[in-house]
Amino acid sequence: MTDKRKSKILRRELEFEREALVHTDAVYRMALRMTKNRADAEDLVQETFLKAYRFWDSFEKGSNCRAWLFKILTNLFITSYHKKAKEKQQFAYDDVESYYLYNQMEAGNDKQLLSDPEHMLFNQLLDDDVRKAIEELPEDFRMVVVLSFVEGFSYQEIADIVGIQLGTVKSRLHRGRKLLQKSLWQYAVRRGIVKGKSG
Amino acid sequence: MDCKQALMKLYNYLDNELSPEDYSEVEAHLKTCKKCFAKAQYERIIQEVVRKRCQTDPVPISLKTEIIARIRQLDNISQKNSSDNNRNFFFRP
């Protein structure tokens, strides 16, 4: 192999490290939310970056590398991991009202909770409660909620990443929000932070 | 804009997905309506809580190193194949 080729490969590796591997933490956390376990998340992240590296020449330099990596990750998850985690539960998300948490607080008429929800409710929940509430969401909803809430992608970016219509992003996000709020409320009840039915 | 209209647009407002005109209208409503403002605050806090709590998972220190190692391995294989091809080319009978 020539020195020229060697230095070309080295340059490619360095470029990939600088542009793509800086997103390792974000990609890992998304993988963890989706697979729900560390071993699968690590495998998924490795597969994502290896695939990204193989197709690095087709990545349009200067465009959004993070979004491109998330697209690879979600595709891999849908094709390889999705089947593993067959979710058979039915979610009655349409029974859950919008602004669920606020409405529960209002119904409970707890003035402190209503006026300072951040300290009186959310700060009392454990990191694990919040993460579990996310992980309990059905896969399709979880994906868009994490991409929006955690990663801050726009609706259009999410549509491109997941490969769905803009309207589907909106409806999944809306339903995901409702279910998430119900779940957070249930954790708050279980922890004794608020009074109410946890079922 | 009344409460019903504002609440219909609230999620898009919070996600910065409204036109500037709609955005201003929702914002104007939130300034005058305590209840809708409180709902918006709740939604903002929930988003923030989820964002923060989902960013505290420790990332395995070795993960990046392992990815780099696998990439190098991939490159070595392709280098090897390429030099084999060259050799085949030069030593073709």
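**Close-up views of salt bridges and the chain interface**

**View 1. A salt bridge joins Arg191(A) to Asp129(A).** In this predicted model, the closest N and O atoms of Arg191(A) and Asp129(A) are 2.6 Å apart. The pair links distant parts of the chain, since Arg191(A) lies in the segment after helix H11 (166-190) of chain A while Asp129(A) belongs to helix H8 of chain A, 62 residues apart. The two partners also differ in their surroundings: Arg191(A) counts as partly exposed, at 46% relative accessibility, whereas Asp129(A), at 1% relative accessibility, counts as buried.

**View 2. Within helix H8 of chain A, Asp128(A) and Arg131(A) lie about one turn apart.** Helix H8 covers residues 127-135 of chain A, and the two residues are 3 apart within this helix. They form a salt bridge whose closest N and O atoms are 3.5 Å apart. Asp128(A) is partly exposed, with a relative accessible area of 38%, but Arg131(A) has a relative accessible area of 14% and is therefore classed as buried, the limit for that class being under 20%. Both residues also belong to a network of salt bridges, in which Asp128(A) and Arg131(A) are linked with Arg33(A), Glu135(A) and Asp57(B).

**View 3. Glu48(B) and Arg51(B) form a salt bridge in chain B.** The closest N and O atoms of this pair are 2.7 Å apart. Glu48(B) and Arg51(B) both sit in helix H3 of chain B, and because they are 3 residues apart there, about one helical turn separates them. Both partners are partly exposed, Glu48(B) with a relative accessible area of 29% and Arg51(B) at 27% relative accessibility.

**View 4. Chain A and chain B meet at an interface that includes a salt bridge between Glu13(A) and Arg72(B).** In this bridge between the chains, the closest N and O atoms are 2.9 Å apart. Across the whole interface the rule finds 5 salt bridges, and it also finds 20 residue pairs in polar contact, with both residues at pLDDT 80 or more. On the side of chain B that touches chain A, the elements giving two or more residues are helix H1 (3-14), helix H3 (34-53) and helix H4 (62-90) of chain B. Of these, H4(B) gives the most, with 14 residues. Sorted by class, this side of chain B has 18 nonpolar, 8 polar and 13 charged residues.

**View 5. The interface can also be described by its contacts and its buried area.** In the contact count, 39 residues of chain B touch 51 residues of chain A. The size of an interface is often given as the accessible area lost when the parts come together. Here the two chains bury about 4,700 Å² between them, and 61% of this area is on carbon and sulfur atoms. In chain B, the residues that lose the most area to chain A are Tyr11(B), Tyr42(B) and Arg53(B), which together account for 17% of what that side buries.

**View 6. Chain A is built from 11 helices and 0 strands.** Of its 199 residues, 49% are buried, and chain A exposes about 10,000 Å², of which carbon and sulfur atoms supply 46%. Among contacts in chain A between residues at least 6 apart in sequence, 67% join residues at least 24 apart. Over all chains, the structure holds 13 salt bridges.

Note on methods. Residues are numbered from 1 along each chain as its sequence is written. Chains are lettered from A and ligands numbered from 1 in the order in which they are written. This is a predicted model: local features need pLDDT of at least 70, side-chain atom pairs count only at pLDDT 80 or more; totals for chains, interfaces and linings use all residues. Side-chain values use heavy atoms; hydrogens and water are left out. Contact means heavy atoms within 4.5 Å. Buried area is the accessible area (1.4 Å probe) that two parts lose on being put together, summed over both. A salt bridge is a side-chain nitrogen of Lys or Arg within 4 Å of a carboxyl oxygen of Asp or Glu. A polar contact is a pair of N or O atoms within 3.5 Å; within protein, one must be able to donate a hydrogen and the other to accept it, and residues adjacent in sequence count only if both atoms are side-chain atoms. Helices (H or I, at least four residues) and strands (E, at least two) are DSSP runs, numbered from the N terminus. Ala, Val, Leu, Ile, Met, Phe, Trp, Tyr, Cys and Pro count as nonpolar, Asp, Glu, Lys and Arg as charged, and the others, Gly among them, as polar. Buried means under 20% relative accessible area, exposed over 50%, partly exposed in between (1.4 Å probe, protein chains only). Accessible areas come from the Shrake-Rupley method with a 1.4 Å probe; for residues, only the protein chains shown count as cover.
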